[in-house]
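Me: Could you walk me through how the ligand sits in this protein? Let's take it one question at a time.

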Amino acid sequence: MKEIILAKYGEIILKGGNRPKFENVLLNNIKNAVKNVADINIRIAQATVYVETEPDKIDVVIERMAKIFGIVSITRAAECEKDIEVIKNTAVEYLKDDLTASKRFKVEAKRSDKAFPFSSPEICMEVGGFLDDEYPEIIVDVHNPDVTVKVEVRDFAAYVYCAENKIAGQGGMPIGTGSKATLLLSGGIDSPVAGHMISKRGVTIDAVNFFSFPYTSERAKEKVIELASILAQYTSKINLYIVPFTEIQLQIRDNCPEENMTLIMRRFMMRIAERIARKNKSLALVTGESAGQVASQTLAALDVTNSVVDMPILQPLIGMDKLEIMDRARAIGTFETSILPYEDCCTVFTPKHPTTNPKRANIERTESVLNIEDLVESALAGTEMIEVYPN
Ligand code: ATP
Ligand code: MG
């Protein structure tokens, strides 16, 4: 019996005339995600992706596909000839484990090939009756089944699977269909989640990290690389820019009022990230701020931070609670790495009493003692780029 993978996609269906373009990007993203683990045959028809591979590669291919944006659900299925007798026998054999482990079942059929001589209700009757005879311990219960047997009669073949074995995909849009944005990636819980949410909309992600050697350790840098490589499981390769930030932080500490330190630091991060973004044809910045979470995330503080940049700043977590953000971090797999206890560049230079209601004019005046342009330029000159691959 031939087993294959069926994946359904979601929002792409709404793309009208552009749909083939989006479908192609999705196919390429799937091929790219599995290329080092399995050889596959892949095609798209009727809003479904069909993937064939070696039987022992099905699990790993499904695992990879579950991280590809654009797919809403994935299942394994038996493929068979479009003949009612063949379909019945395939269901008996393929669903043996599921049916013998359950008490109640029902059959749901879909016939997109209208030339097939049985209607959907007739397919349900035929297959249901046959399974009922073959497995006398299990009864039909259309309201409360443990197992829902799906039969789909499509263009080239029929497919049989158990609905309960279907897993949810990521949803969203395929990466590469939505321009590029630059993520400010710290070692914390929030920014990786923000990056995941924006890339889910089809946006390619570059990442920038500000690094304060020797105040933060080599392990803090490894942690950021690790977070980028977890994100890369969803986005494919990420270009990670590591910006030396120590000189800027020391200058701020020595020359600016302590209560403004964090905000002035954040303004430098935004300026530098914008330069890196423009150089790499990225159209927006992405940060992990959530309104009111800390002093530097009050609306007044966000105004002061964001006003130095002249490009959109996407803050997808802005209305989320910390607990919701943590749940998402667990779901995408970044949480355990984010909570490793290595110091971040901000934690080292944190004021005791940060201002919570800053004014642009005041912050501009207190930072004007610094040679902002020179500091930005020399940080950019010392920036290294690492190509981070999925781990
Ligand atoms: P996170 O958990 O993402 O670190 P946070 O709640 O600790 O966020 P802040 O430290 O105020 O918040 O930082 C706000 C945002 O600024 C972060 O979400 C991230 O996008 C960016 N950011 C902060 N520190 C760094 C850094 N060292 N490198 C790159 N980006 C940073
Ligand atoms: Mg942080």
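Reply: Happy to! One term to begin with: a polar contact is a pair of N or O atoms within 3.5 Å. Keep in mind that this is a predicted model.

Me: How far is an oxygen atom of ligand 1 from a polar backbone atom of serine 191?

Reply: Serine 191 is among the residues that come nearest to ligand 1. A polar backbone atom of serine 191 pairs with an oxygen atom of ligand 1, and the distance is 2.6 Å.

Me: What share of the accessible area of ligand 1 does the protein cover?

Reply: On its own, ligand 1 has 570 Å² of accessible area. With the protein around ligand 1, the covered share is 90%.

Me: Which element gives the most residues to the shell around ligand 1?

Reply: Helix H6, strand S11, helix H9 and helix H13 each supply at least two residues of that shell. The top contributor gives 3 residues, and that element is S11.

Me: How many residues of the shell around ligand 1 are charged?

Reply: There are 21 residues around ligand 1. Of these, 8 are nonpolar and 9 are polar, while the number of charged ones is 4.

Me: Nice! Is threonine 262 buried or exposed?

Reply: Threonine 262 lies in helix H9 and touches Ser296 and Pro351, leaving aside residues up to four places away in sequence. The cut-off for buried is under 20% relative accessible area. Threonine 262 has 17% relative accessibility, so threonine 262 counts as buried.

Conventions
Residues numbered from 1 in each chain as written. Chains lettered and ligands numbered in written order. Predicted model: local features only at pLDDT ≥ 70, side-chain atom pairs only at ≥ 80, totals over all residues. Heavy atoms only, no water. Near = heavy atom within 4 Å. Polar contact = N/O pair within 3.5 Å; in protein donor to acceptor, adjacent residues only side chain to side chain. Areas by Shrake-Rupley, 256 points an atom, 1.4 Å probe, with all protein chains shown as cover. Helix = DSSP H or I, 4+ residues; strand = E, 2+ residues; numbered from the N terminus. Nonpolar A, V, L, I, M, F, W, Y, C, P; charged D, E, K, R; others polar. Buried < 20%, exposed > 50% of the residue type's maximum accessible area, 1.4 Å probe, protein only. Contact = heavy atoms within 4.5 Å.
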